[in-house]
Structure formats: structure tokens, C-alpha cells
Amino acid sequence: MDQQLIIAAGREKSLFRRHPWIFSGAVASVKGRPKSGQTVDVLGQNGQWLARAAFSPKSQIQGRVWTFDADERIDAEFFLHRIGESAARRRRLETESDALRLVHSESDGLPGLILDRYAGVLVFQLLTAGAEFWRAEIIGALRTLFPNDAILERSDVDVRAKEGLNERIEAVHGEIPELVEIRENDVRLLVDVRNGHKTGFYLDQRDSRLAVGRTAAGAEVLNCFSYTGGFGLAALRGGAKNVTQLDASAPALDLAARNRELNGFAPESMTTVCGDAFQVLRAWRKEGRTFDLIVLDPPKFVDSKASLNRAARGYKDVNLCAFHLLRPGGRLFTFSCSGLMEDALFQKIVADAALDAGRTGRIVRRLTQAPDHPVALAFPEGAYLKGLEIEVE
Ligand code: SAH
């Protein structure tokens, strides 16, 4: 192949460790004028072949590795094979849910590709120039592997701008229902794949929703940052007395109400509150409202290292409010989905919040993203979701 990335002297190390990213600073030169997304051979200074990667000229990550095997070609067959294998690895999870992430980007050997399957509706995102370049082949692979499924593209994500790509939402194949009904463990949920967050639902929290359900019997529950109510419904399924679903998004709460009905829970078992969590929790504290169990699953407050301090204040603030609202013997499930927020820092922020609230707590379980969101050992950046289950005195 004539298109090549030549790695600067001494910068090959991460590739020897099979890390899939090649930062612009590690590139000594680009040969053969590759176009955005095209496949390039990655060579060391001495001409040693290292990897085959997608070229992203606009991004700080100039190359993303498709393969470390010199004999593996990047073509339609490659995508059919990798997507098929990735989907097959999830098969044992099908008893838990009919909505699963089938491809988790780098951690499944397919940088820039996200593929979620909601009960026969495939939703994919192309996040990088490389994934975009192979769009037709990726769609071809989906049609072959899942001939009966509908296919929707939800490439409406800001990271595409860093790759010089526009956003795109497109119904690619078949009928895309307005709402898709899925079943996660013993809970039924309606998912708005066209307009919902991400590809429609937060599949990554499946195991944690189950953990909440298992401890919720008899509890009065606050599900803060509820989205369409997943944690709250799992709590009701687990025997919670009632749940308050709090979110800033009215459409998400409308869906939460429909989800309650779908599962046959009584109207009085659930209240929805639309508002800013920071304000609402503070007001409830003044009123002396309390709960037995609180779930805090805020959006990603950190999107760059520069915003880490501001994010830390946000997490501290909302956790502080939650500690104030918990009854003695209560339970807090608190999460951060920011990859840049390290586990140790998150734990420290939560500990500081408890201290300021004058509460004693202990971590009884650590929670993380569900197994259909794996973390490749060579790619620690794939770990982003962390949570703590805390018993409060
Ligand atoms: N726990 C959910 C996912 C939560 S995602 C689940 O398991 O499905 C984060 C949610 O926070 C989004 O629904 C978003 O609408 C909401 N949100 C963002 N900022 C908010 C704020 N200031 N107050 C209340 N909700 C907010």
C-alpha cells in the first residue's frame, strides 16, 4: 500500500502495547496523501510494519488502528467478520435483555463504531473519519448479519466535528417504529430511538438498575437524573413503595409515565418532577423531604481536562444534597459517566460531600458499565462509568 504513517523515533511504544490511538505528535510523516478515513500502513522509523490504521487528518488522534496483523486486509469482509464476532460475544446476555450494545468501538476492535440493537432495531453511530469511510461496508455487514432488522443511523454526536464530519440521522433500512419496546430483566421499556439520548437508551446502566431493584423493597425512592425512568422502574419491580423520577427533560418524563403504565404499576406508585436537580434538591432540603433510597446518575459534566474542576464541584454539590435528603439507614447509588473523572477522585468527592453533610457512610458495592460495554485491556480509556452503592448511618 502506498499510503503510510511513519511514527516518530521512540513513539512506537504504545503500538507495541496494542493501544489503538496514534496521536499527531507521534507521527513523523505522512506518505502518499491519504484521504480522510482511508486506510494507511503504520511504519516505524526503520521501516518496520506496526499496524494498519484509519487516517484522521483533522483530529489530534491522527490514526486509529484497525489491525495489528499484517495479513489482515481492511475491506467489507473485515467489517462483516469483526461485527459478527462482536455480536456473538454478547449472545449469553440475551437472557437478560433484548436490547444490547453489540459493538463498543475500540474495545471491540472497531474504533469509531457504536452499534446498539433494540429488539430488532439496529442503531449505529459513526464517530470517526475511519468509520465514516467504511459506512457502506458497515451497513452491508449489518444487512447480512441481521437480515430482518430495521437500521437507523444516529451519527448526531459532537465528536464528529473533531473529525471534520457533519452530523447525520438517517433511516437506512426498514420501518423504524416511533417507539421500540424492549425488555430488560423483568422491566419493559419504551425507547425513542430517533430522538432519545445517545442511541435511545442508557444500556450501560443495566446491571446497576438490577442492583437498585434488589435493594429497593419497601423503599421510598428518588431517581435523580431519571431520563425515561429506568432505575425507578427497576426499583418498583423490586418492591419499592414509591418512586419520584426527577429530570430536566419533559419528553423523557412523559416516556417514564408511559413506562410505568406498560409495567402495570399503580399511578400512585410514581411521581415525575421536571426541573433542575440542583435547585429541586435544595428546595426539598429546606422543606425537610427525605427518602430511603436515592439514585444519582447525572450527565457527563466533564468533556475536557479543563472542565474537570467545574465538574468536581457539580458532583460534590449534587451528592451533598443527596446525603442531606437520605433517611438514617438510607442507601445512595451515585454515578459518574465521565471517563476523565478517575475512580479515586470520584470516591473522594463523594466522601467530601458526606463529610460536609455530617453523614457517615460506607461503600458496600462498586458498580460499572454492563458487560456489553467491555474495556479492552490494551485500551483503558474504554472504562468510563463508575458508581458506588453507599449505606448511610
Ligand atoms: N439514569 C438514566 C440516565 C440518566 S442520563 C437511565 O438509567 O436511563 C442523565 C439525565 O440527566 C438526562 O436524562 C438529562 O435530561 C438529565 N439532566 C441533565 N441536566 C440536568 C439537571 N440539571 N437537572 C435534572 N436533570 C438533568
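**Overall build and helix H4**

Q: What does the radius of gyration of the protein come to against a compact globule?
A: This is a predicted model. The protein has a radius of gyration of 23 Å, which agrees with the value near 21 Å for a compact globule of 393 residues.

Q: And what does the C-alpha trace span along its principal axes?
A: About 70 × 45 × 35 Å.

Q: How many helices and strands?
A: There are 11 helices and 20 strands in the protein.

Q: How much of the protein is buried?
A: Of the 393 residues, 55% count as buried. The exposed surface is about 17500 Å², with 48% of it supplied by carbon and sulfur atoms.

Q: What share of the contacts is between residues 24 or more positions apart?
A: Taking contacts with a separation of 6 or more, 63%.

Q: Switching to helix H4. Which of its residues are buried?
A: H4 runs over residues 135-145, and its buried residues are Arg135, Ile138, Ile139, Ala141 and Leu142.

Q: Why do they count as being on the same side of H4?
A: Because they cover an arc of only 155° around the axis. As a rule, an α-helix has 3.6 residues a turn, so residues three or four places apart point the same way.

Q: What is exposed on the other side of H4?
A: Ala136 and Thr144.

Q: What do the buried residues of H4 pack against?
A: Two helices, H2 (76-89) and H3 (129-133), and the strands S8 (113-118), S9 (121-126), S10 (150-155) and S11 (168-173).

Q: Last one, charges: how many positive and negative side chains?
A: The protein has 52 positive and 52 negative, and the centres of the two sets are 4 Å apart.

Key:
Residues are numbered from 1 along each chain as its sequence is written. This is a predicted model: local features need pLDDT of at least 70, side-chain atom pairs count only at pLDDT 80 or more; totals for chains, interfaces and linings use all residues. Side-chain values use heavy atoms; hydrogens and water are left out. Helices (H or I, at least four residues) and strands (E, at least two) are DSSP runs, numbered from the N terminus. The radius of gyration is taken over C-alpha atoms; the globule rule is 2.2 Å times the number of residues to the power 0.38. Buried means under 20% relative accessible area, exposed over 50%, partly exposed in between (1.4 Å probe, protein chains only). Contact means heavy atoms within 4.5 Å. Accessible areas come from the Shrake-Rupley method with a 1.4 Å probe; for residues, only the protein chains shown count as cover. Lys and Arg count as positive and Asp and Glu as negative; His and the chain ends are not counted. The place of a charge is taken as NZ of Lys, CZ of Arg, CG of Asp or CD of Glu. The arc is that of the directions from the helix axis to the C-beta atoms.
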